[in-house]
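Colleague: Please take me through this model and say how each label is earned.

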Amino acid sequence: MNAHLPSRKVIAVLTAALLATGMAACGNSDTGGDTGGDKGGDGKITLGFSQVGAESGWRTANTTSIKDAAAAAGIDLKFDDAQQKQENQIKAIRNFIQQKVDVIAFSPVVESGWDTVLKEARDAKIPVILTDRAVDSADKSLYKTFLGSDFVKEGRLAGEWLVEQEKAAAGPVNIVELQGTTGSAPANDRKKGFAEAIATNPNLKIIASQSGDFTRAGGKQVMEQFLKANPKIDVLFAHNDDMGLGALEAITAAGKVPGKDITIITVDAVKDGMQALADGKFNFIAECSPLLGPQLMELVKKVHNGEEVPARIETQETTFTQEQAKEALPNRKY
Ligand code: GYE
């Protein structure tokens, strides 16, 4: 019996030590992330990334930025394209959890409905980073940080430009709005920012507003309907360049001159949008930068190391008039 005593003591000490480590690990993952280390076995951090889709020029540039930055940072990237479907993103995130990736990052297609899967990631002690778009979860501990633009500001800048343009307008200015994907953060926020800005001038009225799903085809189709239903359209506010570009076709086909008969304001400032602006077909663009890859990889490394990161990191961006687009276009990378 005596012989068993020391070993019981050893077990007790070991148990206490294990508990302490376990608690430390939990505490750590609550604040800074998983320090679990190399799950791929090759010394590289594994990042599971769930992308929205390939709906726009912005998205294509964003995907390229993420893939290039992962390669440059020596991060092993598992990339999934959700084709604009939340269910596909949830599936992809569950796969990443099963594969025990080190970090999960994703751009949520819509804002709501993420709590369950984010809790699963947290239970698995895999830190999550939101990039580009936000979720509306009340529990902020479900993700480490959100890297992306201020979409309300983009909408506001677009609206403020219009307010300035139309300050001498004597009568009603009829605006149609092409919204982004229903329920997505950029659609909700750009709508809100724009509406707030134009509310300062009662002449400025949104007479029709509908989703074109951030695609060219969607923009063209919805603009055709707008034109059929409304004889007097003065302004188009499109939540991204691609929908604006699609709308150009509908406007031209209706015998109107884009940029003259109808003032066109968009968001993004991808190359094709900037070309349309320089050509006088668009009138104003609020920039939204898709080049999030390098900053995202820095954050991935930090959360993997358990370092503190700011809860919100905002992308720096600007706006473009036709003249400014002409100047910027030759050096535009995307
Ligand atoms: O503006 C649009 C894309 O989430 C900021 O998604 C992004 C938006 C971007 O489809 O072109």
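**Ligand and helix contacts**

Modeller: In this predicted model, a polar side-chain atom of Arg190 lies 2.9 Å from an oxygen atom of the ligand. Local features need pLDDT of at least 70, side-chain atom pairs 80 or more, while totals for chains, interfaces and linings use all residues. Numbering starts from 1 along each chain, and side-chain values use heavy atoms, without hydrogens or water.

Colleague: What makes the Arg190 pair a polar contact?

Modeller: The cut-off is a pair of N or O atoms within 3.5 Å, so 2.9 Å qualifies. Asp132 and Asn240 each place a polar side-chain atom 2.8 Å from a ligand oxygen atom. The protein covers 100% of the 300 Å² of accessible area (Shrake-Rupley, 1.4 Å probe) that the ligand has on its own.

Colleague: Why is H3 called roughly parallel to H4?

Modeller: The axes of H3 (residues 86–98) and H4 (residues 115–123), lines fitted to C-alpha atoms, cross at roughly 10 degrees. Angles under 35 degrees count as roughly parallel, so the label holds.

Colleague: Which residues of H3 meet H4?

Modeller: Ile90, Ile93, Arg94 and Ile97 have heavy atoms within 4.5 Å of Thr116, Val117, Glu120 and Ala121.

Terms used
Axes are lines fitted to C-alpha atoms, for helices over the stretch in contact, and angles run from 0 to 180 degrees between N-to-C directions. Helices (H or I, at least four residues) and strands (E, at least two) are DSSP runs, numbered from the N terminus. Angles under 35 degrees count as roughly parallel, over 145 as roughly antiparallel, 65 to 115 as roughly perpendicular and the rest as oblique. A polar contact is a pair of N or O atoms within 3.5 Å; within protein, one must be able to donate a hydrogen and the other to accept it, and residues adjacent in sequence count only if both atoms are side-chain atoms.
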